[in-house]
Every structure is written in C-alpha cells, then in structure tokens.
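Biologist: I've just opened this one and I'm a bit lost. Could you walk me through it, one question at a time?

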Amino acid sequence: MPIRKAPLNGYNIVRMTAQKNTTKDFPGQIHETPGGGIVLSKLDDVINWARSNSLWPLTFATSCCGIEYMSVAGAKYDFSRFGFEVARATPRQADVIIIAGTIVNKMAPVLKRLYDQMADPKYVIAMGACAISGGPFFYNTYSVVKGADHVIPVDVYVAGCPPRPEALMHALITLQQKIKSGLTREQIRTAKD
Amino acid sequence: MQNEELKAKITELLSAATFEEGGEWLNINVEPADWLPLAQQLRNDASLYFDYLFCLTCIDWKTHLTMVYHLSSTKHRHNIVIKSKLDRNKPEIQTVSQVWKTAEFHEREVYEMFGVNFLNHPDLRLLILPDGWEGKNPLRKDFEDPINMIKL
C-alpha cells in the first residue's frame, strides 16, 4: 500500500489526520519509504479487517424491531458509515442477518432457509427480547419460538424491546470487533479480564 | 343515521334484539338463529346499507363464546356492532359469507382459533395454522400445549 506524502498546507493536514485514523485500525505496520511504503501484516488479520468493515445485512425484519433497524439504516444513524453499506434483499448477497423481531413456529423454517442460503462467512445478530428469548411472548403462547438461537447460531445479542438505534449500532460494532479479533465472544471476554 | 335512529330501525327489523349503549357504537345482541336473516336485512335495507364488514371475531368468556361483527356503511357512514352468544360446547352459527364476501376467510380464522362451526360455509378449513391443528383451537382459554407453552 503506497502512502503518498502530502505537503503541509491547511487542506492536507486534515487529509493526513483522516488517513492516520484509517491506518490506526489497520492490523499491521506501515513503513514509509521514499517513493512508496511497505506494509507488514498477517494475511488472516487483513482478511478479518476487510470482512469486518464490509458487512452487508439482509433485509429481514419480522416485528417492531424492524422499525429501529430501518432507523439505523436511515440518515440519522446511518450504519453505512461503519461498513454495513446497504441492506441486501437476497441472502446470497448478505453477510449478516439481523433477526429484528419475533420468530414464530411457522417462520422458523424460513429463517433457517435464509441462513442456509447465505454465503460463508455469515454472522447473526439477535435483536431485541423476542429474538433472544421470545420476550413478551415467552409465556402462554402456542406459536412463538423461545429465542431465535433455537433455530440458527447467534453471534451477538442486543437487549431491548425494541432496542434503541444506538444499541443496535453497538451490537454491530461489537460484531466487527469480534470478527477483527478472530475470536469468539467468550474468548474476547476472557482476554479482557 | 345516529345511534338512536339505528336502534329504532333495528328494533323494527328484529324485536328480540337487545341493545348496549354508552360506547361510540351501538351494540346489538342477537340470538344465533336470528343472525343470518338480520344480516341480509342490514346489508340490503336502503336506509341502513351496511355494505362493509370490517371486523369479525370471537371472544372466549370461559362460560360461553361471543361472536362479534363490526359493520359499517360506506354510503351512510354509520357503524354498529353485532354480538351473538354461542354455546361453548357446541358453538354453531350461520355463515354470512354470502352476505359479505370477506367473512369467508374471517370465519375460517375463527373456526381454527375458537372452533366455531359456521353452518353452510363454502370452504370451512384451517386458514393460517398448519396441518395437524384441526380441532385444537389455540385461542380458547383452556387450550394447553405441553410442548410449546410455558405456564406463568
């Protein structure tokens, strides 16, 4: 990756700062040399870095959590800023499925099928009380799956009924961290302690 | 028509009808046997002209079932609610699917959820529930499902 040296006028100072932030997250070292630069890194780390910054979600929502999901996709919160560029209407083009809402027994096979149709590597976020445990429909119901993780594996759970957009954003960033570290969520936690 | 006028008019059509007032809409209690002839009159009478059945549902009161029909007239802009008590052990009422076409699938839903038998219905089978739910009636208060249900 060649790094261009910029002259120190006002405009370019801003540009340099921006560039500095990008390279700060980059998993490796950049050695500047005259006329170009050398990058030192591990290929796994670079792949994970690239993956985590380009996670396209599936257009999938089954209840009111979908409204918050749309809000996060909209201009005010705008998950495109973090690489969740655009929701795809087909599982074949999606990397992450955000289970935004209640999963009922009739929907469970559909969810499984959508997940199976997604290309690897694929990630799952369980958004809101219903997707985590059945939520308000936990008791006395004949129709609701008591947690989407009965159907497909979940990477990140986000609490709330529905969660605020900030909470979903946090879940998305948590997923990115998980991918970047190459560890499971539990391993990340243990490493922190 | 205002509620008072509706009340007078419907008393003319069916003297056995009883009324509940106090809400926004006039509630009319009828016997299940009186329902179909009354429905036809409500639909066809020029001054009533209830051409829109906008809600058809059922309530389980544990002692009995109640069918509830919400009617509206798109021409006269008035609404009424018809209620009819059914025997919980043998719930039967005439279908109104030939009066209001929309009742056909609404009645199928009430059939699967509450087990109400709509007499002369053209196609009385499960609507949303998958095969194997015949006769289980999940919206009845005493419905039990040991696999899926967790008791509070």
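Biologist: Let's start small: is B:Arg77 buried or exposed?

Modeller: Quick warning: this is a predicted model, where local features need pLDDT of at least 70 and side-chain atom pairs count only at pLDDT 80 or more, while totals for chains, interfaces and linings use all residues. Residues are numbered from 1 along each chain as its sequence is written, and chains are lettered from A and ligands numbered from 1 in the order in which they are written. The test counts other C-beta atoms (placed from the backbone) within 10 Å of a residue's own: 20 or more is buried, 12 or fewer is exposed, and in between is partly exposed. B:Arg77 has 8 such atoms, so the verdict is exposed.

Biologist: Where in chain B does B:Arg77 lie?

Modeller: Helices (H or I, at least four residues) and strands (E, at least two) are DSSP runs, numbered from the N terminus. B:Arg77 has a positive phi of about 60° even though it isn't a glycine. Its place is the loop between two strands of chain B, E4 and E5.

Biologist: How many bridges join E4(B) to E5(B)?

Modeller: Two strands pair if DSSP finds at least two bridges between them. These strands form a hairpin with 6 residues between them, B:Arg77 sitting in the turn. One of the links has B:Val68 facing B:Lys83 in E5(B). E4 (residues 65-72) and E5 run antiparallel, and the number of bridges is 8.

Biologist: In which sense do E2(B) and E5(B) pair?

Modeller: Take B:Asn27, whose bridge partner in E5(B) is B:Val81. Over 4 bridges, E2 (residues 26-29) and E5 (residues 79-86) of chain B run parallel.

Biologist: Which strands stand at the edges of that sheet in chain B?

Modeller: It's an open sheet of 5 strands with mixed pairing, in the order E1-E2-E5-E4-E3. An edge strand here has a single partner strand, so one of its sides is left without a neighbour in the sheet; that fits E1 (18-20) and E3 (52-60).

Biologist: How many bridges are there between E1(B) and E2(B)?

Modeller: One example is B:Thr18, which has B:Asn29 in E2(B) as its bridge partner. The two strands pair in the antiparallel sense, and their bridges number 3.

Biologist: At about what angle does H3(B) run to E3(B)?

Modeller: Axes are lines fitted to C-alpha atoms, for helices over the stretch in contact, and angles run from 0 to 180 degrees between N-to-C directions. Helix H3 (residues 103-114) of chain B lies across E3 and E4, and its angle to E3(B) is about 10°.

Biologist: What is the radius of gyration of chain B?

Modeller: The value is taken over C-alpha atoms, and the globule rule is 2.2 Å times the number of residues to the power 0.38. For 152 residues, a compact globule would come out near 15 Å, and chain B agrees with its 16 Å.

Biologist: Over to chain A: which residues does A:Leu58 touch?

Modeller: Contact means C-beta atoms, placed from the backbone, within 7 Å. A:Leu58 lies in the loop between helix H2 (43-52) and helix H3 (65-73) of chain A. It counts as buried because it has 24 C-beta neighbours inside 10 Å. Leaving out residues up to four places away in sequence, it touches A:Ala87, A:Arg88, A:Pro91, A:Ala94, A:Ile97 and A:Leu114.

Biologist: Around H3(A), how wide an arc do the buried residues cover?

Modeller: The buried ones are A:Cys65, A:Glu68, A:Tyr69, A:Val72 and A:Ala73. The arc is that of the directions from the helix axis to the C-beta atoms. They are on the same side of H3(A) because that arc is only 145°.

Biologist: What do those buried residues of H3(A) pack against?

Modeller: Both strands and helices of chain A are involved. The full list is strand E3 (96-100), strand E4 (123-127), helix H5 (128-133) and helix H6 (165-181).

Biologist: What is omega for the peptide bond from A:Asp120 to A:Pro121?

Modeller: A:Pro121 lies in the loop between helix H4 (108-117) and E4 of chain A. The bond is cis, with omega near -5°.

Methods
Contact = placed C-beta atoms within 7 Å.
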